[in-house]
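Reader: I should like to learn how to read the strands, the core and the aromatic rings of a protein model. May we take them in turn?

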Amino acid sequence: MQGLQRMALGCALFGALALPLAPAAAQGDAIKLVVGAPPGGTTDTVARSIAQHMSLDLKRTVLVENKPGAGGNIAADYVAKSNPDGNTLLVTFTSFSINATLYRNLPFDPVKDFTPISMLANVPSVLVTRKDFPAQSMPEFVSLVKANPGKYTMALGAIGSSLHMAGERMKMMTGMDILNVPYKGTAPAINDLLGGQVDMMFASSLNAMPQVKTGALKALGVTSPKPLPQFPGAPPISDTIKGFESNAWFALFGPAKLPPETLAMLNAAARKAVDTPEFRQLLEREAASAVSSTPEELDAFVRKDIERYAEIVKFTGATVD
């Protein structure tokens, strides 16, 4: 997380000092990347790094505007209702798929009201427990928790997040009974886990790494299909729970009906940004992956992702008006 925080500061300074000097007037209006999360978080940092590289490639001013709230829906609604000229884009995350069924009355259609541009990144998560939790491995964990229904607690950084859904998917696939404890953010959830007030949580690899490295938390498994070198001794959860996988993703969208030539230009610029060594190294240091796609690939992915999360949301019984 420290690496991302350093990059966030660097990108913010770049945005404040360098981007306005780009020859935007000759190329058109500034491009705005709208982010449904506060400054300094993973989504914001990804957006600022992408903005920096797209600005250099397109020779346009590319700015980041934060519109947090409602699980990213405020930002998404703003972009959905914007002019489809390619100047107002959305950098969003996994909740874009989850919210399609979690919210009863979305003010937009996540498929019909957007033009997919490119995937940007994948971030796996880690199942972490308090350091004195009695299980030492995933098989031990599953056996222990199943033998003690309702005894153990799982912190949730946010209702409806990909991390919340990872926990529900694990429970759905194993029949484990774990009590959810919601928090208003990842930081207070991790603080209580560190203090032993809760037993476990799914945390982004970016947030879990510092505490796991110091031994303050214990990592039992990762949600990626392959081991992560940053978490030695924490194998894929799918080794124990067959078929289990969960990753947070980040992607770039525009409003519906972007002109084909504009879409092609933005896709090319986004993919170049994702492929830069700086962006890839930033993510790889934190156990994340830089991933680009065609618009068609992103469209197919989101449609499938909405269906996949609909099953988990139904299992939880959670809804938001």
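Reader: How many bridges join strand 1 to strand 2, and do the two run parallel or antiparallel?

Author: Please keep in mind that this is a predicted model. Strand 1 and strand 2 run parallel and are joined by 5 bridges. Within this pairing, Ile 31 stands opposite Val 62 of strand 2. Between the two strands the chain passes through helix 3, and the resulting β-α-β crossover is right-handed.

Reader: With which residue of strand 3 does Val 35 form a bridge?

Author: The bridge partner of Val 35 in strand 3 is Val 91. Strand 1 and strand 3 pair over 4 bridges, again in the parallel sense. Strand 1 is also mostly covered, with 4 of its 5 residues buried.

Reader: How should one read a nonpolar core, and which residues touch the most other members of the largest one?

Author: In soluble globular proteins, nonpolar side chains tend to be buried together. Here the largest nonpolar core has 34 residues, and those touching the most other members are Leu 33, Ile 50, Met 54, Leu 252 and Leu 266. Among the elements giving two or more residues to this core are strand 1 (31-35), helix 3 (42-58), strand 9 (247-255) and helix 10 (260-274). Another core, of 25 residues, lies apart from it and includes Ala 80, Phe 108, Phe 114 and Ile 306.

Reader: Leaving aside neighbours within four places in sequence, what is Leu 266 in contact with?

Author: Beyond those neighbours, Leu 266 is in contact with Ile 31, Met 54, Leu 58, Gly 86, Leu 89, Ile 117 and Leu 258.

Reader: How does one describe aromatic rings that pair, and how many such pairs does the structure hold?

Author: A pair of aromatic rings is described by the distance of the centres and the angle of the planes. The structure holds 8 aromatic pairs. One of them, Phe 108 with Phe 114, is edge-to-face, at 5.6 Å centre to centre and 90° between the planes. Phe 108 counts as buried because its relative accessibility is 8%, under the 20% cut-off. Phe 114 is likewise buried, with a relative accessible area of 5%. Phe 133 and Phe 141 form a tilted pair, 5.9 Å centre to centre with 45° between the planes, and both residues are buried. Ring pairs also link Phe 96, Phe 108, Phe 114 and Phe 253 into a cluster.

Reader: Over which ring does the charged end of Arg 308 sit?

Author: The charged end of Arg 308 sits over the ring of Tyr 309, 4.6 Å from its centre. Lys 67 lies over the face of Tyr 78, at 4.4 Å from the ring centre.

Terms used
Residues numbered from 1 in each chain as written. Predicted model: local features only at pLDDT ≥ 70, side-chain atom pairs only at ≥ 80, totals over all residues. Heavy atoms only, no water. Core = buried A, V, L, I, M, F, W, Y, C linked by side-chain atoms within 4.5 Å. Buried < 20%, exposed > 50% of the residue type's maximum accessible area, 1.4 Å probe, protein only. Contact = heavy atoms within 4.5 Å. Phe/Tyr/Trp six-rings, centres within 6.5 Å; stacked < 30°, edge-to-face > 60°. Lys NZ or Arg CZ within 6 Å of the ring centre and 35° of its normal. Pairing = 2+ DSSP bridges. Right-handed = clockwise from strand over helix to strand, strands pointing away.
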